[in-house]
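Visitor: I would like to go through this structure and ask how each label is earned. Could you set the values against the cut-offs as we go?

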Amino acid sequence: MNATLLIELQTEELPPKSLQKLSDAFSNGIVAALKAQGFVDDISGVSAYATPRRLAVSIPQVEAIQPPRNIERKGPAVAAGMKDGQPTPALAGFARSCGVEVADLATMHDGKQECYVYRSTQSGEPLAQHLAGIVADVLKKLPVAKLMRWGDSDVEFVRPVHGLIMLHGTQVVVGELLGLVSGNVTLGHRFLSQGKISIAHADDYAHNLLQQGKIMAGFAERRDSIRQQLTAAAGDAQVLWDEALLDEVTGLVEFPTVYAGTFSADFLEVPQACLILSMKQHQKYFPLADQHGNLLPRFLVVSNLQTDDPRHIIQGNERVLRARLSDARFFFDQDRKTRLDSRVEKLAQVVYHNKLGSQLQRVNRMQHMASSIAGLLHADTVAASRAAYLAKADLVTDMVGEFPELQGMMGTHYALHDGEAADVAAAISAHYQPRFAGDAVPQGAIAASVALADKLDTLIGIFGIGLIPTGDKDPFGLRRAALGVLRILIETPLALSLPALLAHAQAAFPPGVVADSVNIDVYGFMLDRMRHYLKEQGFEPGEIEAVLANQPERMDLILARIHAVREFRQLPEAAALAAANKRVRNILKKVTEPLGAVNPGLFEADTEKELFERITQLAPQVTAFVAAGDYTAALTALAGVRTAVDAFFDGVMVMAEDMAVRQNRLALLNALGEMMNQVADISMLSA
């Protein structure tokens, strides 16, 4: 018999930001375990449910009894299983663990050697014998940062658990879990339900919860309902959407209802970002804006209560928000009473890192670096230095102390209020860009200079004291900083040498603070980030490695080079030239002594002379194309050397016995390689 299996864990309010992740892990884990043990074959139609007070999963066509299973266990090798006609202890122990005699074991070849093997057919076991253990194992593996205990028991879970359903069709699967015995009764909405709800059949779960318990059990269903209600309540206004906030409020309510509230237009004098952050972060409200993106004195709240007279709900939320916005306005007014530049010295009391000093020391390094970069860009070095000096000053303001996410943005507001130049003020906010994937890079040379100085100082400093990202752990955001530097150099674009920038950033630290090799290490780290960046742009691994193999200094030229490599690959001569270049590389790799210039007088074969003539003719053209930035033309020109290269390798033994001839041929190949690899190492295109 097969039927739908329903498993539900009833809890106190689960962490809303983790609810979707918990639900996925719960449902996927149970389905995988049931499939592995043969209780379910077709896993289509699985429904995962998650509300603030429950995790549940419904799985159709689950068998009540497993089908018979063939068991096969591999034992010791036949060669090592017997000694003097008697089983070795290893073989005897294996047979004993299988519950049979040695004579009952079969043999098989495992691809390497002949082995003993135990084979049997195991009868199917009932679902009730395994289900509680399956769920218990899944619960242990949930992505939970911290467990709780409740009452006087030793039971642990992310939140106290108060109920357990394990229902197969109409039959309760008896089992015990987290100190609870399974049943078929669940809880409805904390306020809107009439009481406990009995689930007669597993297929009735979602319907019964909605009709009797005022619960939208599906996370996605609830999320869609909230989005639709928000859109409808906004009317002509625009909802300032925040997908993370939408997920969070979906995890906070079981029967969502959207209400609209207002606040005094006087608060709009405070920077829009402050008001929006206060509404979203503290109150979980959705702000509204007009068609031009200007904030309106209105907001939407997602409530867990549905009522015919929502005035008390709306007024209560308006009262709480008014207090929050009053705080924001107070901080804003107080901060503006003190000039931003007078706060900079306070950064001496703010530790950046105990091995790297204070934020003020960091600002001093950034000033020097930003000024130097601005000079390379022929921009205003004084403005760049001023922007770097002010860049971190808002860290010691009241507003940023309350809302750290506003760092940079508030600095720009306060700098403009103090009368700082527009490009200096803009750079204070922009130097954090790009903050995330898809964010814009800073605009203008001043902002770019400060942004590069900030990110390079982070990379050299943190990397230089050994705090290198490992796996998915990157607490200092070094991967983000590295990608930010690359994007600024590439997308602006800026004609700057990355190794030179790294060396300059390293020199800003006192001797002995960071590792001597840190600039080289960070360069390698950034090339790895470049690989990810180019892969996301759709380039093939061979194309990427061809460009990066030459250890490029100018990141702004990489896209042009890799596009040229992609076009070169389409030429009919490309594959042969790539293979020939790989052969040249492999030959020259073994050469330890320096190679001199090619001596035509030592040529013994016409093919040597022909290849030298083609190189002599083409090399200046290729070099000129590269100097002009026409990388496609440079690589296309290489097609003209293919015939001479093929003839050379067909007719000449490079490693001749005559040492002078050998060295001359190696020098010829070296000249060929230098010509062919000016744009990229095309040997990387060879399969």
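Guide: We can begin with one pair of residues in a model that is predicted. Phe-286 stands opposite Leu-300, a residue of β20.

Visitor: What makes β19 and β20 a pair of strands?

Guide: Two strands count as paired if there are at least two bridges between them. Strand β19, residues 286-289, is joined to strand β20, residues 295-303, by three bridges. That meets the cut-off, so β19 and β20 are paired. The two strands run antiparallel.

Visitor: Which strands make up the open sheet, and in what order?

Guide: The sheet has four strands in the order β17-β19-β20-β18, and the pairing is antiparallel.

Visitor: Why are β17 and β18 called edge strands?

Guide: Each of them, β17 (238-239) and β18 (257-262), pairs on one side only. Helix α6, residues 219-234, packs on this sheet and touches β17, β18, β19 and β20. The direction of α6 makes about 145° with that of β20.

Visitor: How do you know that strand β1 is largely enclosed by the rest of the structure?

Guide: A residue is buried when its relative accessible area is under 20%. In β1, residues 2-11, nine of the 10 residues are buried, so the strand counts as largely enclosed.

Visitor: Which strands does β1 pair with, and over how many bridges?

Guide: Eight bridges join β1 to β3 (residues 54-63), and these two run antiparallel. One of the bridge partners is Glu-63 in β3, which is matched with Asn-2. With β11 (residues 161-168), β1 has seven bridges, also in the antiparallel sense. There, Gln-10 has Gly-163 of β11 as its bridge partner.

Visitor: Why are helices α21 and α25 called oblique to each other?

Guide: The axes of α21 (residues 574-589) and α25 (residues 659-676) cross at roughly 130° and come within 10 Å. Perpendicular covers 65 to 115 degrees, and antiparallel begins over 145. An angle of roughly 130° falls in neither class, and therefore α21 and α25 are oblique. The crossing of α21 past α25 is left-handed.

Visitor: Which residues of α21 and α25 meet?

Guide: From α21 there are Leu-577, Asn-581, Val-584, Ile-587 and Leu-588. From α25 there are Leu-666, Leu-669, Asn-670, Leu-672, Gly-673 and Met-676. Sorted by class, the contact has eight nonpolar, three polar and no charged residues. Gly counts as polar in this sorting, so Gly-673 goes with the polar group.

Visitor: What makes α19 and α20 oblique to each other?

Guide: Their axes cross at roughly 130° and come within 9 Å. That angle is over 115 but not over 145, and so α19 and α20 are oblique. Here α19 passes α20 in a right-handed crossing. On the α19 side, the contact is made by Glu-543, Ile-544, Ala-546, Val-547 and Leu-548. On the α20 side are Ile-558, Arg-561, Ile-562, Val-565 and Arg-566. These residues divide into seven nonpolar, no polar and three charged.

Visitor: Why does Lys-214 count as partly exposed?

Guide: Partly exposed lies between buried, under 20%, and exposed, over 50%. Lys-214 has a relative accessible area of 30%, so it is partly exposed. Lys-214 lies in the loop between α5 (205-213) and α6. Its phi is near 55°, a positive value in a residue other than glycine.

Visitor: How do you know that Gln-551 counts as partly exposed?

Guide: The relative accessibility of Gln-551 is 46%, and exposed would need over 50%, so Gln-551 is partly exposed. Gln-551 is in the loop between α19 (541-548) and α20 (558-568). It is not a glycine, yet its phi is positive, about 50°.

Visitor: Where are the prolines that follow a cis peptide bond?

Guide: One such bond joins Gln-433 and Pro-434, with omega about -10°. Pro-434 is in the loop between α14 (422-430) and α15 (445-464). Another joins Thr-492 and Pro-493, with omega about -20°. Pro-493 is in the loop between α16 (478-491) and α17 (498-507).

Key:
Residues numbered from 1 in each chain as written. Predicted model: local features only at pLDDT ≥ 70, side-chain atom pairs only at ≥ 80, totals over all residues. Heavy atoms only, no water. Contact = heavy atoms within 4.5 Å. Axes fitted to C-alpha atoms, helices over the stretch in contact; angles between N-to-C directions. Parallel < 35°, antiparallel > 145°, perpendicular 65-115°, else oblique. Left-handed = near helix turned anticlockwise from the far one by under 90°. Buried < 20%, exposed > 50% of the residue type's maximum accessible area, 1.4 Å probe, protein only.
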